[in-house]
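Q: Please take one part of this structure and describe it closely, residue by residue where that helps. I would also like to see how that part is covered by its surroundings, and then how the rest of the model is laid out.

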Amino acid sequence: MKYDHKGIEKKWQDAWEKAGVFHAENNSTKPKYFALVEFPYPSGQGLHVGHPRPYTALDIIARKRRLQGYNVLYPIGWDAFGLPTENYAIKNHIHPAQVTKKNVARFKEQIKSLGISFDWSREINTTDPEYYKWTQWIFLQLFKKGLAYKKEMNVNWCTGCKCVLANEEVVEGVCERCGSPVIHKEKSQWMLKITDYAQKLIDGLDDVDYPDRVKAQQKNWIGRSEGAEVDFQTTAGDVLTVYTTRPDTLFGATYMVISPEHPNIEKWQDKLSNMDAIRDYQAKAARKSEFERAEVAKDKTGVRLEGVAAINPVNGKEIPIFISDYVLMTYGTGAIMAVPAHDTRDWAFARKFGLPVIEVVKGGDVEKEAFTDCATGVMVNSGFLNGLTVEEAKAKIKDYMEEKGFGHKKVNYKLRDWVFARQRYWGEPIPIVHCDKCGYVPLPEDQLPLRLPEVESYEPTDDGESPIAKMTDWVNTTCPHCGGPAKRETDTMPQWAGSSWYFLRYTDPHNDKAFASKEAMDYWLPVDWYNGGMEHTTLHLLYSRFWHKFLYDIGEVPTPEPYAKRTSHGMILGENGEKMSKSRGNVVNPDDVVAEYGADTLRLYEMFIGDFEKAAPWSTSSMKGCRRFIERYFALQDITVPGDSIRTEMEISFNKTIKKVSEDIENLKFNTAIAALMSLLNEIAASGSITREELRIFTILLDPFAPHVAEEVWAVQQFNDQMACQQAWPDFDESKCKDATVEIAVQVNGKVRARVSVPADVSKEDALAAAKANEKIAGEISGKNLVKEIYVPGKLINLVAKG
Ligand code: ANZ
Ligand code: ZN
């Protein structure tokens with residue numbers, strides 16, 4: 001029989017849909033399984049070959065779970081608000097909703113052509129008012145709990161997109177999306193207080209199954225640091241508080257640095273004799289990005305405050321105060337005590353400005369560079385701390401400052417609050433009204449969804465306001481509280497809003513009373529397995545955990561963590577090993593592959609391409625190899641013989657393969673699972689025939705990977721009147737997973753001299769006897785004295801012979 005994917009794939013996709021085999025039931029006696037992939041942004045470019053990799057991987061999990069008797073929820077939807085759509089709309093004068101509709105239709109058709117077992121009856125779209133009604137509702141709950149607030153902020157401003165970016169969206173000083181430089185700007189912004197959840201977001205990681213690299217990145221991003229806040233009296237008669245992780249080095253603090261934005265500068269201006277130089281420096285610092293300012297290697301600049309100094313609380317010494325841009329107002333207290341002997345940036349600064357460097361931890365050469373090691377040094381020049389280790393000194397000085405009242409222990413986090421507003425059109429309107437009398441007033445929940453108004457054009461205004469600001473009919477409203485005149489908020493939510501809770505909606509997507517019913521969430525949550533890109537570790541993954549934890553705290557969701565397990569896939573690169581891109585001319589279009597070789601080949605190949613968690617280059621010849629494997633599988637029907645059991649000589653191979661495929665799928669080792677199926681196929685082909693029972697089992701094993709051809713074979717062979725995807729996953733017999741015989745390498749004095757075949761369960765004595773009986777070995781050891789006989793079961797014998 002000749003395999004032709006063309007007549008097969010569409011037929012089975014329609015049959016699955018008609019039979020509703022992938023519909024998840026909210027009421028079922030079966031155990032539940034919730035498999036999730038990150039829903040796509042429906043871009044104008046359509047699907048690229050990177051998309052099918054995670055979709056297929058979790059499709060394999062979902063299909064295997066169904067075969068294992070689970071009620072599986074494997075949903076999909078569209079994360080469709082956002083800038084690329086809006087920019088396209090502006091350029092082509094089409095409404096973004098229109099653009100979205102077109103892109104979604106294309107994506108949907110492409111994804112459907114892959115035969116992924118999504119439950120399409122639960123499809124969601126973040127731009128649908130019935131969906132964003134609930135995004136707005138959650139925002140209102142955050143607002144009511146004080147976790148959404150408006151603040152005058154020094155924000156990251158993308159000069160290209162003309163909008164505010166979150167810190168997470170600024171990569172090395174430029175916009176993650178468009179690559180334009182990012183500058184600082186004062187703006188009143190809606191913020192979400194994710195910092196309130198910093199510790200919970202760290203602690204929760206203990207209870208979930210995420211890869212270590214993902215946990216490490218999240219922790220690193222949250223950046224917990226333990227130290228102390230220390231008060232320095234100033235000659236202006238007030239107090240300057242610093243945050244330090246090294247209170248042990250207090251005796252080595254020879255000057256202080258405050259951020260150019262520090263509020264004390266204004267307070268001290270009458271006492272400062274060089275305000276012009278200070279103002280000049282402040283203006284320069286404001287133009288730099290935080291990234292630039294924080295760079296360790298950069299040349300240190302600053303201005304000394306003439307007229308105010310600080311007093312070191314441990315020795316009463318007067319020390320100068322500087323402003324320098326390497327101290328950021330957004331971390332700690334915006335002020336530091338500088339210890340040039342033990343901090344690299346302080347050292348560079350002290351050298352440049354000729355400030356004293358006092359060694360307080362012995363162990364390095366502070367004339368040459370800062371000695372920053374905390375593990376080995378011993379305290380010197382530090383009064384009552386002398387002779388202690390750094391750790392001991394930290395504990396002692398913390399107690400001392402608390403006793404004397406000039407400081408206390410303090411935990412800080414690098415994490416910042418989340419800038420939750422964009423001055424753009426294509427996003428969820430923020431459901432807040434501003435009233436001169438009542439301030440910020442939440443829209444009553446029964447007025448949700450607050451729909452986006454129709455506007456003429458989508459360009460942001462030149463002063464950086466959202467295009468919605470021009471819609472005065474929409475903007476002017478009455479205050480829900482006092483009934484007086486009021487204005488609607490015209491900023492919209494950032495793209496990360498809709499994706500922060502979408503998985504909850506899948507459990508109950510058509511509910512119009514709540515974002516999802518308690519029953520549905522009780523049944524489905526948490527997500528059992530969530531796969532997504534590493535690039536979302538500090539953005540989407542952290543944001544959605546935050547929203548979920550908040551919803552848990554207000555009693556709206558049943559679990560403290562949204563995702564029980566998280567995995568991440570690697571990228572698919574071009575044939576030349578570089579990132580696929582139009583400019584490199586190395587883009588593979590999935591549509592072409594599906595048309596020419598079939599979805600099953602594409603699926604199988606994307607799983608065979610290499611270690612799932614690593615990047616892998618595309619190889620057309622290897623892809624064709626996958627196609628050939630499918631053809632050879634299909635042709636097994638020509639050598640099928642009657643028989644409702646596995647032939648004795650094939651028993652071990654089948655049991656081993658079932659075991660391997662079962663386990664490899666669970667461990668993301670799709671490539672070796674496929675390799676095992678390929679080698680079983682070779683063995684079957686070599687034997688010249690296959691029994692019906694063997695073909696039946698092989699077909700179920702292949703089904704999650706290449707479901708269309710598996711269905712076709714199942715139907716042609718009439719194994720039973722259900723579909724392949726409705727069968728039971730085969731069991732294996734552990735006792736039949738070991739080869740009857742194993743090959744053992746035999747060494748004489750460490751050199752391999754022969755290999756002998758022995759029963760797999762051979763005893764040490766029998767193995768040694770077999771080795772010595774081997775002709776070659778017998779020759780090697782004859783006339784010699786055997787001083788040692790080493791046996792590594794199933795693998796190796798080493799005979800140590802002397803004389
Ligand atoms: C004195 C000192 C001595 C420090 C020493 C370090 C080494 P992490 O671990 O990142 O929390 N610092 C504090 N606030 C700052 C700000 N707003 N901008 C720039 N730097 C700031 O680091 C905390 C350390 O970073 C603090 O400890 C402070 O320098 C500096 F041998 O204080 B340290
Ligand atoms: Zn009012």
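A: A residue is called buried here if 20 or more other C-beta atoms lie within 10 Å of its own, exposed if 12 or fewer do, and partly exposed in between, with the C-beta atoms placed from the backbone. The model is a predicted one, in which local features need pLDDT of at least 70 and side-chain atom pairs count only at pLDDT 80 or more, whereas totals for chains, interfaces and linings use all residues. Residues are numbered from 1 along each chain as its sequence is written, while chains are lettered from A and ligands numbered from 1 in the order in which they are written.

The part chosen for the close look is helix α19, which runs over residues 620–635. Helices (H or I, at least four residues) and strands (E, at least two) are DSSP runs, numbered from the N terminus. With 16 residues, α19 reaches 23 Å from its first C-alpha to its last, close to the 22 Å expected at 1.5 Å a residue, where the expected span is 1.5 Å times one less than the number of residues.

Within α19, the buried residues are Cys626, Arg627, Phe629, Ile630, Tyr633 and Phe634. Viewed down the helix axis, the buried residues of α19 fall within an arc of 150 degrees, so they line one face of the helix; the arc is that of the directions from the helix axis to the C-beta atoms. Thr620, Ser621 and Arg628, on the other side of α19, are exposed.

The cover over the buried residues of α19 includes α17 (590–597), α18 (599–608), α21 (670–687), α22 (692–702) and α23 (707–717). Contact between two residues means that their C-beta atoms, placed from the backbone, lie within 7 Å.

Among these covering helices, α23 deserves a look of its own. Of its 11 residues 8 are buried, so α23 is largely enclosed by the rest of the structure; the buried ones are Pro707, His708, Val709, Ala710, Glu711, Glu712, Val713 and Trp714. These buried residues pack against α1, α2 (52–67), α18, α19 and α22. After α23 comes Gln718, whose phi is positive, near 50 degrees.

Another of the covering helices, α21, is joined to α20 (648–666) by a loop in which Leu668 is placed. Leu668 has a phi near 65 degrees, a positive value in a residue other than glycine, and Leu668 is buried, with 20 other C-beta atoms within 10 Å. Most residues other than glycine have a negative phi, and most peptide bonds are trans. Asn749, likewise not a glycine, has a positive phi of about 50 degrees and sits in the loop between β30 (741–748) and β31 (751–759); with 14 other C-beta atoms within 10 Å, Asn749 is partly exposed.

As for peptide bonds, the one from Leu448 to Pro449 is cis, with omega near -5 degrees, and Pro449 is in the loop between β21 (439–442) and α13 (472–475). The bond from Leu525 to Pro526 is cis too, with omega near -5 degrees, and Pro526 lies in the loop between α15 (518–524) and β24 (529–532).

A link across the sequence comes from His23, found in the loop between α1 (5–19) and β1 (32–37). The C-alpha atoms of His23 and Leu702 are separated by 22 Å, although the two residues are 679 apart along the chain. Apart from neighbours within four places in sequence, His23 is in contact with Asp119 and Ser121, and His23 counts as partly exposed because 14 C-beta neighbours lie inside 10 Å.

For the wider setting, the chain has 803 residues, of which 42% count as buried, and its secondary structure comes to 25 helices and 33 strands. The C-alpha trace spans about 100 × 85 × 50 Å along its principal axes. Of the contacts between residues at least 6 apart in sequence, 69% join residues at least 24 apart. The domain assignment, whose bounds come from an automatic or database source, gives domain 1 (23–131 + 496–573), domain 2 (224–413), domain 3 (590–736) and domain 4 (741–802). Taken over C-alpha atoms, the centres of domain 2 and domain 3 are 65 Å apart.
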